[in-house]
Amino acid sequence: MTETNQKDSPVQGSQLAHDDPSTRHPKVSPPEQRQDAPGLDIMTDPVPDIGLESYVGKGRLEGRRALITGGDSGIGAAVAVAFAREGADVAIAYLPEEQPDADRVLKAIEEAGRTAVALPGSLLDEDYRNGLVDEAVQGLGGLDILVNNAGQQLISDSLETLTDQQVLETFQINILSMFTLSRAALKHMGPGSAIVNTTSVQAYNPNPMILDYAATKAAINNFTKGLAQQVAEKGIRVNAVAPGPIWTVLQVSYGQPMDRLVEFGQDTPTGRAGQPVEMAPAYVFLASGESSYVTGDTLNANGGTPTP
Ligand code: NAD
Ligand code: MG
């Protein structure tokens, strides 16, 4: 930024410099590390930024009640913190072994003065899946927002080594659960409610090492567009967010080969990986009435990689 730019701008120069996308968050050049999936954010080096120190709410979701799957860590955790600070009561779903991450998020929701509901369990468990939305409704007293964000990403060298069991599980967690949870949620939702799904830049540019994962993300975009048309007349909107490379524990838990992690995200036009906190505003926008004329769409938040 030049000095002239700063002088000409009505915004304080220091604030503009702070908003420079290439430097707003540091480049991630992580040391070698590996966790078994699903892994813990709090054990990741550096710890992903879920906005605990920085996200400031503006009352954009006052009184809403939200269920967020995968709300313990990474993108889902950043969304949970943001939603609570925007005035929403929040239920988070996560795997039981992720309790230490979930505790941090549940505490942040309560510190924002909102109700926090903990719903541990696996989306591979049919009973849990079928009962999850009702549990959330019970804990929150209703439901206005569903964020389908849980996801599994496990690398596999070739189709030879990719087992059918992994393919089935990835599809169950990433996309099939969206059918079950959305169906259950819609029974409780009224006009003004919103569903936000997490897809990925992988929907358009599949990395050959994550064939199963990338295919679910393309399906999520399609599901989002179709369901949005079905429920528009009820005053309910359905959209998706497509993150690019975001620094989360998903990547260090066999989500990427180690040699790609070292310069993770540095091949994007912005030149660095994103942080979970940078995804949260997209979900807040799509969950709130601010996006009242947006439905069936995918908001790409990927550091500038062109998308179709
Ligand atoms: P994350 O590991 O922090 O979150 C994924 C969550 O999915 C886990 O916390 C876990 O609670 C949940 N999950 C996994 N298996 C589950 C199961 N069997 N049952 C219930 N829950 C299960 O990582 P993240 O990167 O924040 O991922 C969140 C979403 O963002 C995922 O859908 C992922 O595909 C998507 N995404 C991530 C990136 C990235 O670069 N990190 C990019 C694009 C899209
Ligand atoms: Mg987690």
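This passage describes the surroundings of two ligands and of selected buried residues in a predicted model.

The shell around ligand 1 comprises 29 residues, of which Ser-73, Glu-98, Tyr-213, Thr-248 and Gln-251 are the closest. Sorted by class, this shell holds 13 nonpolar and 13 polar residues, together with three charged ones. Helices α3 (74-85), α7 (211-231) and α8 each contribute at least two residues to the shell, and the largest share, amounting to three residues, is supplied by α8. Polar contacts to ligand 1 involve both backbone and side-chain atoms of the protein: a backbone N or O atom of Leu-123 is placed 2.8 Å from a nitrogen atom of the ligand, whereas a polar side-chain atom of Tyr-213 lies 2.5 Å from a ligand oxygen atom. In addition, an N or O atom in the side chain of Lys-217 is found 3.0 Å from an oxygen atom of ligand 1. Of the 800 Å² of accessible area that ligand 1 has on its own, 96% is covered by the protein.

Thr-248, one of the closest residues to ligand 1, is located in the loop that runs between β6 (237-243) and α8 (249-252). With a relative accessible area of 7%, Thr-248 falls under the 20% limit and is therefore classed as buried. When residues up to four places away in sequence are not counted, Thr-248 touches Pro-48, Gly-74, Ile-75 and Pro-276.

Ligand 2 is a magnesium ion, coordinated at 2.1 to 2.2 Å by Asp-72 through OD, by Ser-73 through OG and by Glu-98 through OE. Along the sequence, these donor residues follow the spacing D-S-x24-E. Because Asp-72 belongs to the loop between β1 (65-69) and α3, while Glu-98 belongs to the loop between β2 (89-94) and α4 (99-111), the pair ties together parts that are 26 residues apart in sequence. Asp-72 is buried at 1% relative accessibility, and Glu-98 is likewise buried, with a relative accessible area of 7%. Ser-73 and Glu-98 also appear among the closest residues to ligand 1, in addition to acting as donors to the magnesium ion.

Strand β1 contains Thr-69, a buried residue whose relative accessible area is 3%. Apart from neighbours within four places in sequence, Thr-69 is in contact with Ala-93, Leu-132, Val-147, Asn-148, Asn-149, Ala-150 and Leu-181. For Asn-149, a polar contact is present, in which the side chain of Thr-69 reaches the backbone nitrogen of Asn-149 at 2.8 Å. The C-alpha atoms of Thr-69 and Pro-120, two residues 51 positions apart in sequence, are separated by 9.8 Å.

A further buried position is Val-284, which has 0% relative accessibility and is part of helix α10, spanning residues 280-287. With neighbours within four places in sequence left aside, the contacts of Val-284 are Tyr-55, Arg-60, Leu-61, Ala-82, Phe-83 and Glu-86. One of these partners, Arg-60, is 224 residues away from Val-284 along the chain, yet the C-alpha atoms of the two residues are 7.6 Å apart.

Methods. Residues numbered from 1 in each chain as written. Chains lettered and ligands numbered in written order. Predicted model: local features only at pLDDT ≥ 70, side-chain atom pairs only at ≥ 80, totals over all residues. Heavy atoms only, no water. Helix = DSSP H or I, 4+ residues; strand = E, 2+ residues; numbered from the N terminus. Buried < 20%, exposed > 50% of the residue type's maximum accessible area, 1.4 Å probe, protein only. Contact = heavy atoms within 4.5 Å. Near = heavy atom within 4 Å. Polar contact = N/O pair within 3.5 Å; in protein donor to acceptor, adjacent residues only side chain to side chain. Areas by Shrake-Rupley, 256 points an atom, 1.4 Å probe, with all protein chains shown as cover. Nonpolar A, V, L, I, M, F, W, Y, C, P; charged D, E, K, R; others polar. Donors = N, O, S within 2.8 Å, 3.2 Å for Na, K, Ca; no water.
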